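Visitor: Please put the model up. I have a few questions about how its parts meet.

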Number of protein chains: 2
Amino acid sequence: MFKQITIIGFGLIGSSLARAIKRHKLADRIVCADQSREVCEKVKSLGLADEIFTDLAKSVKDSDLVVLCVPVGAMQSVAEKIAPALSAGAIVTDVGSVKTSVMKTLQLKIPAKVHIVGGHPIAGTEHSGPEAGFAELFIGRWCILTPMQHTELRVVEKLTKLWEACGSNIEIMDPEHHDLVLGITSHLPHLIAYTIVGTATDMEEDLKGEVIKFSASGFRDFTRIASSDPVMWRDVFLNNKEAVLEILQRFTEDLTAMQKAIRKGDGDYLYQTFKETRDIRKAIIEAGQATYAYPTKSQEAVVPEVVPPAASDPARQR
Amino acid sequence: MFKQITIIGFGLIGSSLARAIKRHKLADRIVCADQSREVCEKVKSLGLADEIFTDLAKSVKDSDLVVLCVPVGAMQSVAEKIAPALSAGAIVTDVGSVKTSVMKTLQLKIPAKVHIVGGHPIAGTEHSGPEAGFAELFIGRWCILTPMQHTELRVVEKLTKLWEACGSNIEIMDPEHHDLVLGITSHLPHLIAYTIVGTATDMEEDLKGEVIKFSASGFRDFTRIASSDPVMWRDVFLNNKEAVLEILQRFTEDLTAMQKAIRKGDGDYLYQTFKETRDIRKAIIEAGQATYAYPTKSQEAVVPEVVPPAASDPARQR
């Protein structure tokens, strides 16, 4: 499919993509580039690439596809380094969780002879680093592509085929719309999870042991996503500021209404709000997005979740 | 262990307890009581009880243990109904998620010749109703007991043995301390999850489809706990008002600090906060509370989660 693919940044996503490309023979050669010597050593021992560079410019020479798998905040410096060495007609894409700011950066730094298509595979685990990756990560998961207005259709199709071969379903979007949708589905949930885990951590030492002990009662669900890579998430919030702040504003209003209902003892409001949220869970289960489709490194569920039994009649005693 | 145990309210917890008592032969007879005729029919067809009543007073006659498995808000009316029919020396316990208000109610309504010990098994799934129960629900899970100051030790020990036989580990606590610990580990997480799912549901129809489609990116983790029983949770918030409002206040302060850091572009604050939350996740995994120990009705993970690989070096590109 490609002669030579360079993957820059070999964390969870980069190393998973390399594994999938290798398994499905999507390129004649895979080149890995990472500025960390330690990461390069690991990639070498894992046998994931045909050639490994710490010098980013050298790594993109003669590649027909370059995939930037670095945190959003590192995109600009990486783009500056590789720009002079890119071949005419090559495609540059990325896997960043924010698209508007990344597209602007790439458009500014990457020469016009090179095609730019933004990308974002909606896949991941709470683990990071090259050992955390696995070839099945993208199977059954969405990958959002954000081409520029003037991007040729054949370029988008080529990238579509690559991700489809890795098992993904493709969705094409405007960068701005991507950032709004992911703001509510991903960025806000992570921010809230980080905050609540922080609030618990701040409670006095004595209580902390009990928080850990009794975490099965709800809290632990938040700690999983709050253990995601801190650099990646810092960059997400710095680069999707407007959308996140707007959605956070809506959330805060809703939380204030909840707080008021508790203070006033408004059981009807609480019951109605809690009841409505069940429907959206059902829709997610029906859409097949409720569980990991394939085992992850952390050995999570492989069996698709069953539809829960019909909601019990609220009027009766349980 | 007991001659006759009456379980009032046959939802997820009540029916799971009946199954565990039956399997481990912890009582000569199991009596089920539920004011819903529909639930009683189901219990009959599932063969979970030796006798089934819709009349609560009749169900407690001659029982040496009565377990109240109804929502917290129903405790008072149930206590009033059974009070005249309870035998001298019987034990009344419950499984409610709030303890201070329940203990006060029971103390007021249950005659002095009957022993009262509050109970709260920290176990559950997002499903409800008698079919949702299973005997393994309590294995490896904590059960908190809140005896009254004058409760005889042998009564607490008898109840301890029952829950231990069901697979639980026992912790004794003051009702007030229970409500604070569960406020942060359980009540606040559920409130936040309900709120964020509500915020997403309120977004325009067009976006809602995309929220469901791309929910794997964080949002779906919240929808699972936000699909828990709405009556149970309404009652929790109405009955643990003070602790929940106090903890919510701390959370709101922390969220405001996060919002400010995003607005100001304070990457250092975000990075430090996100980094610290990883430690608490690690502690939860080490305490063996990160996953369900046994399969649930929804076929969730049975394999204990492995410790994630060491956090990647934040300074390097991934």
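Visitor: Which residue follows α11(B), and is its phi positive or negative?
Guide: This is a predicted model, where local features need pLDDT of at least 70, side-chain atom pairs count only at pLDDT 80 or more, and totals for chains, interfaces and linings use all residues. Residues are numbered from 1 along each chain as its sequence is written, and chains are lettered from A and ligands numbered from 1 in the order in which they are written. Helices are DSSP runs (H or I, at least four residues; strands are E, at least two), numbered from the N terminus. After α11(B) comes a residue with phi near 70 degrees, thus positive: Gly265(B).

Visitor: How far does helix α11 of chain B reach?
Guide: The helix covers residues 241–264, 24 residues in total. Expected span is 1.5 Å times one less than the number of residues, here 34 Å. From first C-alpha to last, α11 of chain B reaches close to that, at 34 Å.

Visitor: What covers the buried residues of α11(B)?
Guide: Buried means 20 or more other C-beta atoms within 10 Å of the residue's own, with C-beta atoms placed from the backbone. Buried residues of α11(B) include Ile247(B), Phe251(B) and Asp254(B). Contact means such C-beta atoms lie within 7 Å. The cover includes α7, α10 and α12 of chain B, and from chain A α7, α10 and α11.

Visitor: Which helix gives the largest share of the side of chain A that touches chain B?
Guide: The contact takes 110 residues from chain B and 109 from chain A. Helices α8 and α12 of chain A are among those supplying at least two residues. The largest share, 18 residues, comes from α7(A).

Technical notes
Contact = placed C-beta atoms within 7 Å. Buried ≥ 20, exposed ≤ 12 C-beta atoms within 10 Å, placed from the backbone.
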